[in-house]
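Got your viewer open and a cartoon on the screen? Let's walk through this one together, stop by stop.

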Amino acid sequence: MDSENNNSLRDKDTALNEKLYELRDNGIYLNSLRQYDEAIECFDQALKIKSEDSYTLILKGISLSFLNRHDEAIKCFDQALNIKSNDNYSLICKGISLSFLGRYDEAIKCNSQAFKIEIQSDNSDENLNSNEETSCHQYISFNQDNSTKSSEFFFKPVDITSVTLSENKRTVVKVAAIQLDFKLSTKSFPFQIINKTELKAKVLKALEQASKRNVDIVCLPELCVCEEWLPLIQAVSKDMVVIAGSYYDAKRHNVCRLVIDSKVIDYSQMKINPSSLEKGTSYKSLMTSGDKLYIFKTKVGILSILICRDFLNYCHFLRDFVDIIFVPSYNREINFFQETAHVNVKASRTYVVISNTSVYGGTSLFGIVHKESHNEFIDKGFKREGDDTYKVCELEAGVEGIITADLNLVFKAIQVPSLANSFRDPLPVSNIDKEVINFLI
């Protein structure tokens, strides 16, 4: 009897959690449509399920700030900070709202604290000599004259350009996400790869492994290559399309190059929004920002590349326009990115492929699958127990490896009603696999 009661309670908790995630996802989607009042209603309903959910409180605060209801937004951020005092994202958002109210001294204190937290997390082993006040000014660009609209505060406007490289010749493509063990030295800019020789060998070995698995498109992590390695990457890419990580060019852009048919194409996807470290400690950003976002029409589908935090800012602009978004990352905040990937897949059926350093892990693939498949993925070690998102597979921190899967570019969602012969049902994601590999052996 006790066992039945426990099962009943677990089922109830699972149902409530699913409802909470659904309400949050709907709110995030409504925010992306600028329907902020409706988004707030979703977040309020979610908070009735779990009143001390810091993430939902932050999301509600962001919606309120978009409506210029900054006093109410600050209350939400304060509630979130009462739950999680060292959450730098709550502090960043609170600083923005304070700056809109003209409370600049308080805003500076918030963002100074946020900057310290991120620097400590990203650089516990690095010595950054930064001036506290100028750091936080650069971290959040304050709006001193209140002339900037809230919606303009959260991302830099860009041109979205469609480039036709080839006609799509495939219905199903095999993709691979690579996770590599490497670190960057951030003592000076441009940041440098620690042990370039070793990482170059790993990159080439990873591409060879992808080729052996007959992969069509492979994605490498952010800042894992050097520009001079591109000829070597071309040589081993063969028939694959390679999202070649990224590197800093001579003009200090964070650049991702696309290799197709063993050739580097002419169009470079440049990172638009710098990380806090790429912004540096002066008023002028260390990284030179790009101003274009490309949609590539290729022989293996319609692709876009969003380097690290560009994914958070621009993925909603690509919904329904691309088949797959690739996210090369060097990223500690991987959980937030994965939440965004889940919402993006739910809202648009666009696949998301994230490649990250093994220092932080979270290299993953997102797509629509049967709900019944979740337990199977957990049993196979593709994802963690209790993960009900559209994450199909993930590599944990501390390991190198490769995730592969076949993605259907025509049927991106489960077909309803299903066919009488279930074996003929087209699956959006199939033939999923992951393997932990030491790329130096």
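Before we start clicking, one bit of vocabulary: two strands count as paired if DSSP finds at least two bridges between them. Also keep in mind that this is a predicted model.

**Stop 1: the whole thing**

Zoom out. The protein has 14 helices and 19 strands. Of its 441 residues, 54% count as buried. Look at contacts between residues at least 6 apart in sequence: 67% of them join residues at least 24 apart. If you turn on the surface, about 20300 Å² is exposed, and carbon and sulfur atoms supply 46% of that.

**Stop 2: a sheet that starts with E1**

Select residues 159-164, which is strand E1, and residues 391-395, which is strand E17. These are the edge strands, each pairing on one side only. They belong to an open sheet of 7 strands, ordered E1-E12-E13-E14-E15-E16-E17, with mixed pairing. From one strand to the next, the twist averages 15°.

What holds neighbouring strands in a sheet together? Strands pair through backbone hydrogen bonds, either parallel or antiparallel.

Now add residues 292-298, strand E12. E1 and E12 run parallel and are joined by 6 bridges. Show the side chains of valine 163 and phenylalanine 296: valine 163 stands opposite phenylalanine 296, which is in E12.

Next, colour residues 334-348. This is helix H13, and it packs on the sheet, touching strand E14 (324-328), strand E15 (351-355), strand E16 (363-366) and E17. The direction of H13 makes about 165° with that of E15.

**Stop 3: into the middle with E13**

Select residues 301-305, strand E13. Is E13 largely enclosed or open to the outside? Here 4 of its 5 residues are buried, so E13 is largely enclosed by the rest of the structure.

Follow the chain back from E13 and you meet a hairpin, which joins E12 to E13 through 2 residues. Those two strands pair in the antiparallel sense over 3 bridges, and threonine 298 stands opposite glycine 301 in E13. On to E14: E13 and E14 run parallel, joined by 3 bridges. To see the match-up, show serine 304 and isoleucine 325 in E14, which stand opposite each other.

**Stop 4: another open sheet**

Clear your selection and pick residues 263-264 (strand E10) and 429-436 (strand E19), the edge strands of the next sheet. This open sheet has 7 strands in the order E10-E9-E6-E5-E2-E18-E19, and its pairing is mixed. Inside that order, select strand E5 (residues 217-219) and strand E6 (residues 241-243), which pair in the parallel sense over 3 bridges. Isoleucine 217 stands opposite valine 241 in E6.

**Stop 5: the repeats and their loop**

Head to residues 20-53 and 54-87, where UniProt (in an unreviewed entry) places the feature "repeat: TPR". Colour 54-87 by secondary structure: the span is 79% helix and 0% strand. Its end C-alpha atoms lie 9 Å apart.

Now click glutamate 52, in the loop between H2 and H3. Why does glutamate 52 count as exposed? Its relative accessibility is 59%, and the cut-off for exposed is over 50%. Draw a distance from its C-alpha atom to that of alanine 80: the two are separated by 7.7 Å, though the residues are 28 apart along the chain.

**Stop 6: salt bridges**

The model has 24 salt bridges. Start with lysine 60 and aspartate 44, whose closest N and O atoms are 2.8 Å apart. This pair links helix H3 (residues 54-66), home of lysine 60, to helix H2 (residues 36-49), home of aspartate 44, across 16 residues. Lysine 60 counts as buried because its relative accessibility is 17%, while aspartate 44, at 30%, counts as partly exposed.

Slide along to glutamate 72 and arginine 69, whose side chains meet at 2.9 Å, N to O, in a salt bridge. Glutamate 72 is partly exposed at 36%, and arginine 69 is partly exposed at 31%.

Then jump to lysine 202 and glutamate 400, another salt bridge, at 3.1 Å from N to O. Lysine 202 sits in helix H9 (residues 196-212), and glutamate 400 is in the loop between E17 and strand E18 (401-408), 198 residues apart. Both lysine 202 and glutamate 400 are buried.

For a last click, select Arg24, Lys50, Asp53 and Glu339: they are linked in a network of salt bridges.

Notes: Residues are numbered from 1 along each chain as its sequence is written. This is a predicted model: local features need pLDDT of at least 70, side-chain atom pairs count only at pLDDT 80 or more; totals for chains, interfaces and linings use all residues. Side-chain values use heavy atoms; hydrogens and water are left out. Axes are lines fitted to C-alpha atoms, for helices over the stretch in contact, and angles run from 0 to 180 degrees between N-to-C directions. Contact means heavy atoms within 4.5 Å. A salt bridge is a side-chain nitrogen of Lys or Arg within 4 Å of a carboxyl oxygen of Asp or Glu. Buried means under 20% relative accessible area, exposed over 50%, partly exposed in between (1.4 Å probe, protein chains only). UniProt positions are given in the numbering used here, feature names are shortened, and annotations may be inferred rather than shown by experiment. Accessible areas come from the Shrake-Rupley method with a 1.4 Å probe; for residues, only the protein chains shown count as cover.
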